[in-house]
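Let's take a friendly walk through a protein model. Have a look at the sequence and the 3D view first, then read on.

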Amino acid sequence: MILINLLPHREIARKKRKDIFNASLGAAALLGGLMAGLIFLWFQAQITAQQDKNQTLQTEIDQFNLQIKDIAGLESEITALRARQQAVEDLQADRNLPVHLLSEMVKQLPEGVYITSMRQDGQNVQFQGVAQSNERVSELLRNLGGNSPWFARPELVEIVAASVTLAPRDMRRVANFNIRVKLVRASEAEKAKPNAPAAK
């Protein structure tokens with residue numbers, strides 16, 4: 001006997017293919033969503049890890065900045081302490097400067113030169129005096145500039161010719177002078193002393 005299928009087999013086959021297609025499409029969408037979720041989670045994990053590293057680095061940088069500020073504060077304190085120490089050493093060394101000043105003036109004054117007044121302002125000393133001639137004043141300037149480690153940069157401020165009466169009929173011509181010189185600190189004078197003989 002011959003069997004004839006009268007059912008709509010094409011529609012059933014089409015429906016079956018459509019169902020398979022829809023199932024495949026749903027599975028692909030589910031798989032794509034799952035992969036996108038996994039990729040999103042991976043990126044989130046990477047971003048979180050990088051943010052943690054950045055936070056750690058920022059914490060370290062902040063600690064280093066604090067240490068740098070502490071070091072800068074220590075350096076300023078060290079500088080201030082050195083300045084104080086230098087001031088104390090200068091005061092200690094300068095307390096003998098008047099003795100050296102008078103001692104050196106006795107050594108460096110040539111014959112025929114007399115000091116009438118002397119004034120000290122810090123490291124600068126100003127001499128006023130009388131000399132028998134201009135040559136004596138020049139000799140005094142040379143002595144102050146080259147023969148003594150305690151004086152530096154002698155400068156003739158003024159020289160004026162004058163007359164002095166020694167007796168009723170004895171008048172002599174003299175030179176009134178004004179000299180400015182810088183007094184050298186003891187520490188600098190000690191350094192210059194070995195060089196002083198070479199300068200002669």
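## A pair across two strands

At 40% relative accessibility, E155 counts as partly exposed, where partly exposed is the range between buried (under 20% relative accessible area) and exposed (over 50%), with a 1.4 Å probe and protein chains only. R180 falls in that class too, at 33%. These residues form a salt bridge, and their closest N and O atoms are 3.4 Å apart. The term stands for a side-chain nitrogen of Lys or Arg within 4 Å of a carboxyl oxygen of Asp or Glu. The structure holds one salt bridge. Since R180 sits in strand β4 and E155 in strand β3 (residues 151-167), the pair ties together parts that are 25 residues apart in sequence.

A quick word on what you're looking at: this is a predicted model, in which local features need pLDDT of at least 70, side-chain atom pairs count only at pLDDT 80 or more, and totals for chains, interfaces and linings use all residues. Residues are numbered from 1 along each chain as its sequence is written, while side-chain values use heavy atoms and leave out hydrogens and water.

## The overall layout

The protein chain has five helices and four strands, and from the N terminus on they run α-α-β-β-α-β-β-α-α. Helices (H or I, at least four residues) and strands (E, at least two) are DSSP runs, numbered from the N terminus. Of the 200 residues, 17% count as buried. The accessible surface comes to about 15,600 Å², with 59% of it belonging to carbon and sulfur atoms; such areas come from the Shrake-Rupley method with a 1.4 Å probe, and for residues only the protein chains shown count as cover.

## Inside and outside

Which residues have the most contacts inside the largest nonpolar core? They are L101, F127, F151, F177 and I179, in a core of 17 residues. A nonpolar core is a set of buried Ala, Val, Leu, Ile, Met, Phe, Trp, Tyr and Cys residues joined through side-chain atoms within 4.5 Å. Two or more residues each come from α2 (97-108), β2 (124-131), α3 (134-146) and β4 (170-183). Leaving aside neighbours within four places in sequence, F127 is in contact (heavy atoms within 4.5 Å) with residues including L101, F151, F177 and I179.

On the surface, L31, L34, M35, L38, F40 and L41 form a nonpolar patch with about 650 Å² of accessible area together. Patches like this join nonpolar side chains (Val, Leu, Ile, Met, Phe, Trp, Tyr) within 5 Å, like charges being joined within 9 Å, and use residues with over 30% relative accessible area and no salt bridge.

Here are three residues that sit in helices:

| Residue | Helix | Relative accessible area | Class |
|---|---|---|---|
| L34 | α1 (residues 9-94) | 53% | exposed |
| D90 | α1 | 18% | buried |
| N143 | α3 | 13% | buried |

N143 touches Q108, P110 and S148, not counting residues up to four places away in sequence. D90 and R185 are 95 residues apart along the chain, yet their C-alpha atoms are separated by 7.5 Å.

## How sure is the model?

The chain averages a pLDDT of 81, and 86% of the residues score at least 70; pLDDT is the predictor's confidence in each residue, from 0 to 100. Confidence is highest in α1, at a mean of 90, and lowest in helix α5 (residues 196-199), at 42. Over residues 195-200, pLDDT stays under 50, and the model has two contacts beyond four places in sequence for them. Where pLDDT is low, the predicted coordinates should not be read in detail.
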